[in-house]
Amino acid sequence: MRDPFTYLLENQRQHGDLFRLPLPLWDTVVITHPDLVVEVFHDRGERFGMPDFPLLERLAGRPLPYLDGDEYSTRRRLYAPMFGKRFLTTLSGPILDEME
């Protein structure tokens, strides 16, 4: 897969806003619609659990999408300022420069 972004876009067009992505060690589910992303990662409550990946946890820690409950809520509050308008505005210039 030389261009993962095009690959994901083509899969989204073919399969819709929710599709399975086969990976070498495990399959994952890709969510592309903003409303579904909010439902799963913000309003998820206990409906969407994440499986344990002990090997991944030893290698990379526990990234936000793999957390549940209070641990998820605490980490999400820590990350929230990095996605606020004020911080993202400081990044817009360099991002636009790279795109040109």
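**Exercises on a predicted model**

Apart from neighbours within four places in sequence, Arg75 is in contact with Arg62, Pro63, Leu64 and Leu67, contact meaning heavy atoms within 4.5 Å. The structure is a predicted model, in which local features need pLDDT of at least 70, side-chain atom pairs count only at pLDDT 80 or more, and totals for chains, interfaces and linings use all residues. Residues are numbered from 1 along each chain as its sequence is written, and side-chain values use heavy atoms, with hydrogens and water left out.

**Exercise 1.** Place Arg75 and state its exposure class.

Step 1. Arg75 belongs to helix H4; helices (H or I, at least four residues) and strands (E, at least two) are DSSP runs, numbered from the N terminus.

Step 2. Buried means under 20% relative accessible area, exposed over 50%, and partly exposed in between (1.4 Å probe, protein chains only). Arg75 counts as partly exposed because its relative accessibility is 22%.

Step 3. Pro63 is twelve residues from Arg75 in sequence, and the two C-alpha atoms are 9.2 Å apart.

**Exercise 2.** Describe helix H1 and the setting of Asn11.

Step 1. H1 covers residues 4–15, twelve in number, and reaches 16 Å from its first C-alpha to its last. This is close to the expected 16 Å, where the expected span is 1.5 Å times one less than the number of residues.

Step 2. After H1 comes Gly16, with a positive phi near 100°.

Step 3. Asn11 is found in H1 and counts as buried because its relative accessibility is 12%.

Step 4. Leaving aside neighbours within four places in sequence, Asn11 is in contact with Gly16 and Phe19.

**Exercise 3.** Work out how strands E1 and E2 are arranged.

Step 1. In E1 (residues 18–22) the side chains alternate: Phe19 and Leu21 point to one face and are buried, whereas Leu18, Arg20 and Pro22 point to the other and are not.

Step 2. E1 pairs with E2 (residues 27–31) in the antiparallel sense over five bridges; pairing requires that DSSP finds at least two bridges between two strands.

Step 3. Opposite Leu21 stands Thr28 of E2.

Step 4. The two strands, E1 and E2, form a hairpin with four residues between them.
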